[in-house]
Amino acid sequence: MMGVPEYTVGLRLCIRIGFLKILAGFCLGLAGAAWLAGEFSGRQPATVALDVGLSFAHFAILLLGIVFAQELFAKEFERKYSLITLSYPISRRRFVLARFAAAYTLLIGSCLAMALSLVIATIFVSQSYEQARVVDLGLPYVWTWCLIALEAFFVLALATLFACVARSQAFVLLSTVGLFVVARSFSAMLSLIEMDRTLVEQPGHYQVGLETIGFLLPDLSAIDIRAASLYASMTFVPENWWLSSLSVLFYALMLLSIAIFIVDRKDLI
Amino acid sequence: MFPALSFNKVSKTFKVRAKSVEALSDITFDIHEGEIFGLVGPNGAGKSTTIKIALGMLGGYTGDVRIYGNSAEDSNARRHVSYVPESPSLYEQFTPNELLKTALEIHKVDKASHARLRNLWLERLSLEAVASKRLRTLSKGTVQRVALAHALIVSPKLLVLDEPLSGLDPVGRKDVIQILRDYKQSGGSMLLTSHVLYDVEELADKFGFIQDGVLEIAKNPNSLLMDVAAPLFSVRYHSLENLTPDGVELRAGLYEMTVPQDELINFLGWLNERQGLLISIKPFVSLESAFLAKVRQA
């Protein structure tokens, strides 16, 4: 992939928006937030630090994915760079895939950098107090980050699709954040309504709506397996997380295919 | 031997506010190897639409468009094609050096010659001083030269230029015309558009006049005028008084009149008898009116 010029152009464009500075800021912010949260927890500092750090990482990856999609796709059409880019002897499919791959490579790099920052922050925090149940920064932690990388794949595919149809960059930001929040929270809301049917009026009505969303969007909360690392146990990990992972991957590939289909038929006026 | 670019009965319709607007109507032309085709027409005539169809940027047209025999919709057909759009938008975060490198890589030019070609074209277009500066810091004219270097560095067989001289100062125009002349000398083919006939007259071997999506081909601009009507001449003369109501007074004592070719000798004799002082005689070219007359004839 490194030899594909469009991929290199994609990497260069993302880096030129100040990616390294943004990433350094996120890593510092993540470590700082984790450390602060740990300091406020009397008995579980490492667990709280790790939990807050992982939440911060989900947010940071979402923002990076949106920024990359805006830079590589929305700006391309909005500023008419595409008049030259798409006059090159490369297919539009290759154009989208190469740029998507470039953005995803940087997202993976960001995951690695943030994972490392969080490990350092958690180890630092855990030295101040010995917890009864220690966090597991081994394989469960690695798996947790693998699934964050999968979530990043979905986020980037979603943002790419919006960036390919958007007329303004704000639309990419708002739509991606909106759908991400819904995909992260609808199953929790559904469980809540099922547990306590007095929470809302007409719970059946809400339930139908939320179940419909379940067909349109993947359940991102089901691939959040941070509990395995936080409590060094699989007890609190969502059931069938691996099946949900396949579902997220399928949705992401579907969104990416739609983005390719749209760009392939886009008239550059 | 396939033409560098061929359009065969190409029509394209756009939907504008639920109305169909025909941007191109049954356009047919060929650009053969080494030929420069100048496409002239007013703004909104269909020049850019023609280019965008040729480069696969617009679909949904009827007819057949081929680049060296390959369908224009196939991206591989553009392997030896370069394009400079009107007011080119180039990545403003890139430097001219990086942009030229990208073009060479995408067109798969032998890596060993990259540095030599970059230096050659940066020097040719006087861009050495700004080679490592971000494009966002450069003037419009300089960016236009970068776009031209970006197109020519890959030694294209077919060069497509949309209004390449608009926005350039006189020195810039002269340089660009010389570079395009050299490209022509080297045997390259070119599709060149402008809304100013004068811009393409110097370079083109063949002319296409386009208006409201209708194309008329001519070997040279005058042949189109000759076909349509008897040539006219614009005669300027000095006189103490207006000799004829047809003369338009440009300033005190200076008059201008349009005279058909077959009446020119008689008119000059008549002017001499009335002691009018002849200032100039120029062919009267109204390309647009000639073009419209031709279309009406058709």
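Let me begin at a turn in chain B, where strands β1(B) and β2(B) form a hairpin with 2 residues between them, and where B:Arg17, which sits in that turn, has a positive phi of about 45°. Please keep in mind throughout that this is a predicted model. The two arms of the hairpin are β1, residues 5-16 of chain B, and β2, residues 19-31 of chain B, and they pair in the antiparallel sense over 9 bridges. If you follow β1(B) back to B:Leu5, you will find that its bridge partner in β2(B) is B:Ile31.

B:Leu5 also has a neighbour in another strand, since it stands opposite B:Ile67 in β4(B). That strand, β4, covers residues 62-67 of chain B and pairs with β1(B) in the antiparallel sense over 5 bridges; another pair you can look for there is B:Phe7, which stands opposite B:Val65.

Taken together, these strands belong to an open sheet of 4 strands in chain B, with the order β2-β1-β4-β5 and antiparallel pairing. Its edge strands are β2 and β5 of chain B, the latter being residues 70-71, and each of them pairs on one side only. Helix α1, residues 47-54 of chain B, packs on this sheet and touches β1, β2 and β4 of chain B, while its direction makes about 115° with that of β1(B).

Let me now move on to the other sheet I want to show. How many strands does this open sheet with mixed pairing have, and in what order do they come? There are 6 of them, all in chain B, in the order β6-β7-β8-β3-β9-β10. The edges are formed by β6, residues 81-84, and β10, residues 214-218 of chain B, each pairing on one side only, and neighbouring strands of this sheet are turned by 15° against each other on average, if direction is ignored.

Within this sheet, β3, residues 36-40 of chain B, and β8, residues 189-194 of chain B, pair in the parallel sense over 5 bridges, and B:Ile36 has B:Met190 in β8(B) as its bridge partner. Helix α5, residues 170-185 of chain B, packs on the sheet, touching β3, β7 and β8 of chain B, and its direction makes about 155° with that of β7(B). A further helix, α4 of chain B, residues 140-152, lies across β6 and β7 of chain B and runs at about 175° to β6(B).

Further along chain B there is another hairpin, formed by β12(B) and β13(B) with 2 residues between them, and here B:Gly253 in the turn has a positive phi of about 85°. These strands, residues 248-251 and residues 254-260 of chain B, run antiparallel and are joined by 3 bridges, with B:Arg251 standing opposite B:Leu254.

Finally, let us turn to the place where the chains meet. Here 26 residues of chain A are in contact with 29 residues of chain B, and the area buried between the two chains is about 2700 Å², of which carbon and sulfur atoms give 56%. There are 3 salt bridges across the interface of chain A and chain B, and in the pair A:Asp267 and B:Lys12 the side chains meet in a salt bridge at 3.7 Å, N to O. The count of residue pairs in polar contact between chain A and chain B is 16.

On the side of chain A that touches chain B, helices α1, α3, α4 and α5 of chain A each supply at least two residues, and the largest share, 6 residues, comes from α1(A). The residues of that side divide into 12 nonpolar, 3 polar and 11 charged.

How values were computed
Residues are numbered from 1 along each chain as its sequence is written. Chains are lettered from A and ligands numbered from 1 in the order in which they are written. This is a predicted model: local features need pLDDT of at least 70, side-chain atom pairs count only at pLDDT 80 or more; totals for chains, interfaces and linings use all residues. Side-chain values use heavy atoms; hydrogens and water are left out. Two strands pair if DSSP finds at least two bridges between them. Axes are lines fitted to C-alpha atoms, for helices over the stretch in contact, and angles run from 0 to 180 degrees between N-to-C directions. Contact means heavy atoms within 4.5 Å. Buried area is the accessible area (1.4 Å probe) that two parts lose on being put together, summed over both. A salt bridge is a side-chain nitrogen of Lys or Arg within 4 Å of a carboxyl oxygen of Asp or Glu. A polar contact is a pair of N or O atoms within 3.5 Å; within protein, one must be able to donate a hydrogen and the other to accept it, and residues adjacent in sequence count only if both atoms are side-chain atoms. Ala, Val, Leu, Ile, Met, Phe, Trp, Tyr, Cys and Pro count as nonpolar, Asp, Glu, Lys and Arg as charged, and the others, Gly among them, as polar.
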